[in-house]
Amino acid sequence: MVIGFQSDNLKPFKLSVLIVSAVLVLSGCASSGSDATPSTIVIADNEPPQTFDPIQAGNSTVNAVVIPLYDVLLDFDANNELGPRLAESWKVADDGLSIDIKLRSGVKFHDGTELTSADVQYTMDRVKAINVGVASEVVAYKSTAIKDDLNLTITLSEASAPFLSALSRIYILNSKLVKANEGTDKGQKWLASNEAGSGPYTLKSYTTNQEASFVKFKDYYRGFDGQADNVVIRYIVESATQRDSLLNGDVDIAYDVATADLPSFDSNKDFSVIKKDTLVQLYIHFNMQKGPTTDPRVREAIRLAYDYDAHVKSILQGNGAVAKGPLPAVMNCHADIPAGKQDLVKAKQLLAAAGKSKLKISMDYLSVIEEMDRAGTLLQSALREIGVDLTLKTVTFPEYMEHVKTVNTTPDLGMIYAFPAYPDPHSVLAINFDSQYIGGGYNFGSYKSAKVDSLVRAAAVATDPSKRCDLYREAQQVIESDFTSINISNPKFVVVARAGISGDIYRPAHHNTLDVYNIKVSN
Amino acid sequence: MAKFVLRRLAMVPVVLWLVATLVFFMIQLIPGDPARVAAGRNATLEQVQAMQQKLGLNKPLVEQYVSFLNQTIHGDLGTSIFTFRPVLTDLGQVLPSSFELVFAAMLINIAVAIPLGVITAIFRGTRTDFALRIITLLGATVPVFWLGLVLQYLLGAQMRIFPISGQKPSGAQIERITGMTTIDALASGNLPLFFMTLHYIALPAFVLSTSFIAVSARTLRSGMINILDSDFITLARAKGISNFRLILRHALRNAILPTFTILGMQVGWMLGSTVLVESIFGRQGIGSYATTAVLQKDIFAVIAVVLVMGVVVTLVNLLVDIGQKLIDPRLRISDA
Amino acid sequence: MSLITGKSFISNTFYKKVKWLSFYEKFIFAAIIVILLTAIFGGRLAPYDPYYVNLEDSLLPPSSKHWFGTDVNGRDLFSRVLVGASSSLLSTLAVIAFAAIVGTILGTGAALGPRWLDEIIMRISDVAFAFPALILSLGFAAALGPSLSSAVIALALTWWPGYARLVRTYVIEIKYREYVDAARMLGVSRNRLIFRHILPNALINLYVQITIDVSAVLLVISGLSFIGIGAQAPSAEWGALVADGRNYILAGSWTVVIPGAVICITAVLFNLAGDALRVINDPTLLRKGEK
């Protein structure tokens, strides 16, 4: 029998219960607050990465884990300045068709082997061959010629102004290691849960969907000065739990504290709320080729229904601004397009004119993100006012990418951010609106405009900056006049960190990630 | 007795087959192209076609069914489209944690329900009985997820008596032996760490147990009342046996059978309820794994959870049945 | 021994039992009826539009203007609770109805059919009974997509065994009653026997189980909506309401506390009602101190 009720005497049992509970309470007091070792940072994020393969670093959750593990040739800093990393120096040819790169010497991968041109060549060729994820940023890549271990030349199929910027998302792989584990899919399966990098941290462990643990790589070429020995990224889906873990000391930095809770952290001197300007824009992309949204009046009506001001005021609590057109407002070459404004009367008229007074549509969105969750509900309610029945469908980013692969599976509306990988209009206007990126890249609405295609492609190869700007401005006007998307907001990046965390931890070019190497801890 | 065990064991594969059939039926319900879904996010056309071959979707339904059963028996439950690992491996990682939680919750359940059942039976009709039964009623009808949230907030975030989420303090290293954090911590010899893991499991286990305590206590109470009214108790009292001994030795022992049965069923139901508790407290068990899998549309993972749950429940049922026979010899005679 | 047909038997005994209710019992039943009426008419009684987002009024505490306060989207919580009563309770009743029908068919079949049928049905019901309802619902949600209907289907599939067993017990008991023998001797056909005489007397006692089950099923359904695989946004189903408020417990605790309390109180009331009905049905239980 489970319970010792055989004997008459319950006293020893009762006594042991008392002792055990006393011990529990006492040990509870002892383990209050955070862990023992002071040089561990715990970061709370709400979505685990789909893979650790850097080829998917266009997805911010993957980028977040790849940043500590790998290096790039060139990278952006917190002020959007492009600077050298693995590439010590580089020279773009006059015709823009090739780039000579000199690598820094003495860089080691985590397994001890030296990083050489062969690794760069392997990485670039692999990206081109598999043609997913970051490949859409470097379509101009043709081949790499190796001169010696530290010198190489990248050849492009056409001049590409944004190419150098795009290199900030090409993380260099340890070619020997990946080749040994290539399998049948060029190492995608192996790299899903393994790393082959040279970055400041190595991957200690990854518990699926729960925790990724990193430890300092002693031989990192840039050296260390105040960084934590261990970094843990913990996946906590609920913002309430993230908030409570911050308060409790279990977590040091949290990405997803609800905006309603920010004021209490602002006034708490044990914490600091870090707000930074971003390159980000929140969109809703219409399905431009199928369904009721193919009618421009329907699109215009839906755009006019949304309460943009309330979005910034209530949902963002002022941390951001209403978007102005398809290009994020802070970028260069911004056209003169006004911010969106709600006009329910006109919206109803447009729908009536289109003969669609009772419309039924659905929207994919990442409801795990607070801004999207609340925007979705706000849009749903607003559309009800004009007679449109909106069904909200929660998806994950990989799922959404899957849905936009074919026009038939693309939703009527898709709410998604643009996280531009570099502060150049190409990263938005081409990547999201050029028809060559339909069905495999980031053209989420299957938007096909020959005019826009020619404009952005010309701008990509143009060498005169002002001419480029003219082309981009015109492209924006065309996209806008087609009512291609609902341009909602340019939100700020907000994280809550415990006091004592400092450094340039956010870089707009790598949105929704922290520059782990630059997180400095002071207790 | 042996005959009985063998007969019951023979039923196990039948039951598992039923569960597998139900699961196969569920897979057929999935809209869209299962091969596409199974091949994963970034599958190339060749990979999707390969998956179609593997799933045998071109073959007639009966053939698919047979190969499905075949694969399942061999433990091939498919590959998770998110972790890229066999689902069985993933499940192996997370199951021990749920077992640990259910075990802890069961301990609390038994430790609270048995005294509660006995006391309310003895003192039936009095104020104490009434008060205790109100409390247990509340325990049974309060929504588990709500209780978890509220207690987590009050006791965790506000009063800081318990940790918010997780199974161990972050940064703590526990070598994985069984997969159960408490056991592994104990096995590593690090006593303070062991107590800390107990601290982490305390609140989730308590929350999980509340709805079950009421039923167990009530079952025991009914059983005890029936027994206490019966003749042999009167006889025992006439013989002069002390009250205390009477209750424990005679009444409880005889009343325990239906309670034991209920407790056995509750193991399965508790495992199901981990779905609610684990995601609130950030514990990595089969419950949170299944929830994440559903929300990520990781079909194979969910199917595997249903299958494994079927296996576990059947085995527990079997053990309960055998245990019943062991406890009460009378049942051995009236064997169906 | 007079033949008692189904209908008059029901109204006779039930009325007799209802007459002797105490105040406590009358109160509980009145409360239940109020809740059921809310489930049916709740939407019309709501003072505000439960779905209209008004961000200006986000997270207002309970006041005379908003009895339950507002949620983060400025929607009146009292209105949402009223409308949510429909989702929560009607889906609960759907589960029970489905389970009761399936359970009755199978239970009757087990009781009246051949021995092997009885054995099979009982074995299946054992497994279904023990199988955690939540897990099966996850399976259906994965296959059919998360929705209130897939949750209802899944739950019904695990709930029927309770009814099958009950009906089987009742039918077996009635099978051997004298009036059934009498009817058979008189030449009443088997179908008529089953549907006119046996079943009504068996089913009449199900209302106790049904009432108690409302409590249990409500808790599971709201749980499923809470984790996101039952009712979908912007449904005001009570479990979904708790999920909505979850991230704002600091700034607006009422968004979590109130919906949860509503679920709890409803479950308690139905539970107590079920208990009361059980005693009304069989007053001998009182002697044993069940009350």
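How many helices and strands are there in chain C? Chain C contains 12 helices and zero strands, where helices (H or I, at least four residues) and strands (E, at least two) are DSSP runs numbered from the N terminus. The structure is a predicted model, in which local features need pLDDT of at least 70 and side-chain atom pairs count only at pLDDT 80 or more, whereas totals for chains, interfaces and linings use all residues. Residues are numbered from 1 along each chain as its sequence is written, chains are lettered from A and ligands numbered from 1 in the order in which they are written, and side-chain values use heavy atoms, with hydrogens and water left out.

Along its sequence, chain C reads α-α-α-α-α-α-α-α-α-α-α-α. Of its 291 residues, 55% are buried; buried denotes under 20% relative accessible area, exposed over 50%, and partly exposed the range in between (1.4 Å probe, protein chains only). Contacts are defined by heavy atoms within 4.5 Å. Among the contacts of chain C with a separation of 6 or more, 71% are accounted for by residues 24 or more positions apart. The accessible surface of chain C is about 12500 Å², with 67% belonging to carbon and sulfur atoms; such areas come from the Shrake-Rupley method with a 1.4 Å probe, and for residues only the protein chains shown count as cover.

Chain B has 14 helices and zero strands, and its elements run α-α-α-α-α-α-α-α-α-α-α-α-α-α from the N terminus on. Buried residues constitute 54% of the 336 residues in chain B. Of the contacts in chain B between residues at least 6 apart in sequence, 73% join residues at least 24 apart. About 14900 Å² of chain B is exposed, and carbon and sulfur atoms supply 68% of that surface.

Helix packing was examined for one pair in chain C. Two packed helices are described by the angle between their axes and the distance between the axes. The axes of α9(C) (residues 206-227) and α11(C) (residues 254-281) come within 7 Å and cross at roughly 165°. The two helices are therefore roughly antiparallel, the classes being roughly parallel for angles under 35 degrees, roughly antiparallel for those over 145, roughly perpendicular for 65 to 115, and oblique for the rest. Axes are lines fitted to C-alpha atoms, for helices over the stretch in contact, with angles running from 0 to 180 degrees between N-to-C directions. The crossing of α9(C) and α11(C) is left-handed, that is, the near helix is turned anticlockwise from the far one by less than a right angle, a clockwise turn being right-handed. Residues of α9(C) including C:Tyr207, C:Ile212 and C:Leu219 meet a set in α11(C) including C:Ile263, C:Phe270 and C:Leu277. By class, this contact of α9(C) with α11(C) has 11 nonpolar, seven polar and one charged residues; Ala, Val, Leu, Ile, Met, Phe, Trp, Tyr, Cys and Pro count as nonpolar, Asp, Glu, Lys and Arg as charged, and the others, Gly among them, as polar.

In chain A, helix α2(A) (residues 60-69) has 10 of its 10 residues buried, so the helix is largely enclosed by the rest of the structure. The buried residues of α2(A) pack against β8 (201-207), β9 (211-216) and β10 (230-235) of chain A. Helix α7(A) (residues 239-248) is likewise mostly covered, with 10 of its 10 residues buried; among them are A:Arg243 and A:Asp244. Just after α7(A), A:Gly249 takes a positive phi of about 90°.

A:Phe265, located in helix α8 of chain A, is buried at 2% relative accessibility. Apart from residues up to four places away in sequence, A:Phe265 touches A:Arg243, A:Leu246, A:Leu247, A:Val257, A:Phe271, A:Val273 and A:Val496. A:Thr259 lies in the loop between β11 (253-254) and α8 (262-266) of chain A and is buried at 11% relative accessibility.

Most residues other than glycine have a negative phi, and most peptide bonds are trans. A:Ser446, which is not a glycine, has a positive phi of about 55° and is buried at 1% relative accessibility. B:Arg160, also not a glycine, has a positive phi of about 55° but is partly exposed, with a relative accessible area of 49%. The peptide bond from C:Ala233 to C:Pro234 is cis, with omega near 0°.
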